[in-house]
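I opened the model at the bench and kept notes as I went. The entries follow in the order in which I looked things up.

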Amino acid sequence: MRILYVTSEAFPLVKTGGLADVSGSLPAALKHLGADARILIPGYPQVLANLRDPQPLIELKWLPAIGNVQLIGGHMPDTGVPVIVIEHRDLYDRSGGPYSDTLGQEWGDNALRFGILSRIAAILSSKISPLVDWIPDIVHFNDWQAGLTAAYMRYSGAPHAKSVLGIHNLAFQGNFPPEWVEKLGLPRQAFAPEGLEFYGHLSFLKAGIYYADAITTVSPSYAREIQTAEYGFGLQGLLAHRARDIHGILNGIDTQEWNPAKDPYLPQNYDGNSLDKKVRVKQALQQRSGLHEDAAAPLLGVVSRLTHQKGLDLLLHCAPALLEQGCQLALLGSGDPALEQGFMLLAQQHPRQVSVSIGYNEALSHHIMAGADMFVMPSRFEPCGLNQMYGLRYGTPPVVRRTGGLADSVMDTNEFTLNRKTATGFVFDLATPEDLLATLLRALASYGDKNQWSAIQTNGMKTDLDWNRSAQAYLEIYRSL
Ligand code: ADP
Ligand code: GLC
């Protein structure tokens with residue numbers, strides 16, 4: 001089985017969020033199961049710098065609007081998964097991130113930058129692909145950035161691979177003014193409700209949903225939720241129409257990269273049999289963050305994009321009540337200026353109880369995950385969420401809202417789940433500060449009972465979070481196509 005996995009980010013080449021983690025580990029898990037999975041990704045400077053044994057593959061000539069493109073072959077640094085990189089100076093050789101410049105402003109030509117990613121994915125998935133010795137059976141194209149892949153395949157006229165759209169977040173749709181249809185070389189008649197059009201715009205994600213042979217998303221709950229008005233971002237009708245082709249498969253995690261027993265970012269390693277050592281990680285975190293060095297103070301951790309999705313405004317609202325209870329907070333993230341400022345102000349007012357780091361920091365994210373006592377993730381919606389799973393693995397019970405992948409991966413603590421040894425965290429229903437606070441207070445009560453707390457930690461650490469089972473589920477879908 002040959003699979004072309006099309007993505008705009010992949011860890012450790014380049015990462016802004018969970019899509020990179022999944023793109024780094026799912027193709028490797030597929031490879032482990034005997035499939036021949038290759039990654040297709042734009043050649044941002046970070047990607048070209050981190051790629052292992054890069055070699056020119058072929059040149060694609062005379063592409064509309066951009067001219068010639070060089071494809072570079074190489075491998076992922078740690079897993080050895082083959083990678084095909086699209087090298088094009090004008091499109092991708094820029095400082096800043098994959099989607100925006102150094103000031104956080106989105107690139108004005110993202111329609112072109114990712115239209116080309118989709119277009120090349122379609123070219124390589126054709127049965128008359130220029131890569132004559134490697135023609136995929138399946139093209140798995142992810143999120144809006146690769147969303148036009150199946151549309152290009154349909155209109156190329158050539159026989160091609162089966163296509164699967166992977167939805168990681170329906171909130172980002174890649175909607176652009178209609179002029180782009182022709183600029184991107186798509187037929188004008190395709191700009192219709194049965195096609196590329198979405199409320200007067202060209203929608204990359206809608207096109208993917210419309211043209212893909214099958215659709216996957218990253219948890220069973222999210223697969224159901226996106227077919228409702230509450231979570232569908234306007235696409236619920238089309239998604240419900242395609243319900244039979246939608247598969248919700250819970251993400252796994254990279255258990256090598258996220259392993260408290262081996263994690264090089266931690267000042268002290270530990271595992272399920274040496275949980276007492278975790279307190280040293282906590283002390284080091286308190287020290288480095290300027291927090292009061294108190295082993296008994298419940299330390300809440302957050303690592304997150306600071307956006308409406310993540311519901312951290314709810315935490316900001318109930319923070320005063322939590323601080324009164326003697327809690328500490330270590331937060332790492334960036335995003336909405338208002339949220340950044342709100343948390344920074346809180347840290348200024350309570351420097352020994354609250355530490356806020358604005359920015360992106362891989363090392364600190366691991367340290368918080370291990371050093372915190374509990375991990376807070378009050379998302380309004382969450383397609384899957386990886387951090388709560390990292391929390392489980394690190395003996396840092398997650399406090400989460402019952403939505404999407406959070407609902408599918410965290411088991412609330414109550415008498416029943418404690419007896420059955422399945423309690424792994426704390427789950428609340430309403431996206432309100434009151435419900436979050438009540439649940440955090442419940443978690444604090446549990447934290448006060450050392451036996452109960454270590455039982456919850458241990459249950460979480462024993463959870464099967466590996467990619468293996470999910471990768472098999474993906475293979476079954478590919479086979480069925
Ligand atoms: P999303 O992709 O919606 O942001 P996920 O929970 O799926 O949410 O994945 C987020 C990933 O990004 C995790 O690996 C998390 O550790 C990482 N991450 C988020 N913000 C930061 C940050 N400021 N610094 C370091 N890592 C971060
Ligand atoms: C998106 C979602 C997140 C998910 C990740 C990987 O970024 O917001 O919930 O875990 O993709 O699938």
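I fixed my burial terms before anything else: buried means under 20% relative accessible area, exposed means over 50%, and partly exposed is in between, with a 1.4 Å probe and protein chains only. This is a predicted model, where local features need pLDDT of at least 70, side-chain atom pairs count only at pLDDT 80 or more, and totals for chains, interfaces and linings use all residues. Residues are numbered from 1 along each chain as its sequence is written, chains are lettered from A and ligands numbered from 1 in the order in which they are written, and side-chain values use heavy atoms, with hydrogens and water left out.

**Entry 1: backbone oddities**

I took helices (H or I, at least four residues) and strands (E, at least two) as DSSP runs, numbered from the N terminus. I began with alanine 65, in the loop between β3 and β4 (67-75). Its phi is near 75°, a positive value in a residue other than glycine. Is alanine 65 buried or exposed? Alanine 65 counts as exposed because its relative accessibility is 63%.

Tryptophan 62 came next. I found it in strand β3 (residues 52-63). Phi here is near 55°, again positive in a residue that is not glycine. Tryptophan 62 has 72% relative accessibility, so it counts as exposed.

Then I checked for a cis peptide. The bond from phenylalanine 11 to proline 12 is cis, with omega near 5°. Proline 12 sits in the loop between β1 (2-6) and α1.

**Entry 2: the cores**

In soluble globular proteins, nonpolar side chains tend to be buried together. I counted a nonpolar core as a set of buried Ala, Val, Leu, Ile, Met, Phe, Trp, Tyr and Cys residues joined through side-chain atoms within 4.5 Å. The largest one has 75 residues. Leu40, Ile120, Leu196 and Ile209 have the most contacts inside it. Which helix gives the most to this core? Helix α4 (residues 110-124) does, with nine residues. A second, separate core has 33 residues, among them Leu306, Cys327, Phe343 and Leu346.

I listed contacts (heavy atoms within 4.5 Å) for isoleucine 120. Neighbours within four places in sequence aside, isoleucine 120 touches Leu40, Leu60, Leu63, Val69, Leu71 and Ile86.

I did likewise for leucine 148, in the loop between β6 (138-142) and α5 (149-156). Leucine 148 is buried, at 0% relative accessible area. With the same neighbours set aside, its contacts are Gly115, Ser118, Leu184, Leu186, Leu196, Leu202, Phe204 and Ala207. Tyrosine 210 is 62 residues from leucine 148 along the chain, and their C-alpha atoms are separated by 10.0 Å.

**Entry 3: cysteines**

How many disulfides (pairs of cysteine sulfur atoms within 2.5 Å) does the structure hold? The structure holds zero. I looked at cysteine 318. The closest cysteine sulfur is in cysteine 327, 9.8 Å away, so the pair is too far apart for a bond. Cysteine 318 is buried, with a relative accessible area of 3%. Cysteine 384 is buried too, at 2%.

**Entry 4: ligand 1**

I called a residue near a molecule if one of its heavy atoms lies within 4 Å of it. Ligand 1 has 21 residues around it, and Lys15, Gly18, Asp21, Arg305 and Gly359 come nearest. The elements α1 (18-32), β13 (299-306), β14 (328-335) and α14 (387-393) each supply at least two residues of the shell. β13 gives the most, with three residues.

Next I read off distances to oxygen atoms of ligand 1. A polar side-chain atom of arginine 305 is 2.7 Å from one. For a side-chain N or O atom of lysine 310 the distance is 2.8 Å. Leucine 386 uses a backbone N or O atom, at 2.9 Å. On its own, ligand 1 has 560 Å² of accessible area, and the protein covers 93% of that. These areas come from the Shrake-Rupley method with a 1.4 Å probe; for residues, only the protein chains shown count as cover.

**Entry 5: ligand 2**

Around ligand 2 I found 14 residues, and the closest are His168, Asn251, Glu382, Cys384 and Gly385. Helix α1 provides the largest share of this shell, three residues. The side chain of asparagine 251 has an N or O atom 2.9 Å from a ligand 2 oxygen. Polar side-chain atoms of glutamine 309 and asparagine 169 lie 3.2 Å and 3.3 Å from an oxygen atom of ligand 2. Ligand 2 taken alone exposes 310 Å², and the protein buries 93% of that.

Technical notes:
A disulfide is a pair of cysteine sulfur atoms within 2.5 Å. A polar contact is a pair of N or O atoms within 3.5 Å; within protein, one must be able to donate a hydrogen and the other to accept it, and residues adjacent in sequence count only if both atoms are side-chain atoms.
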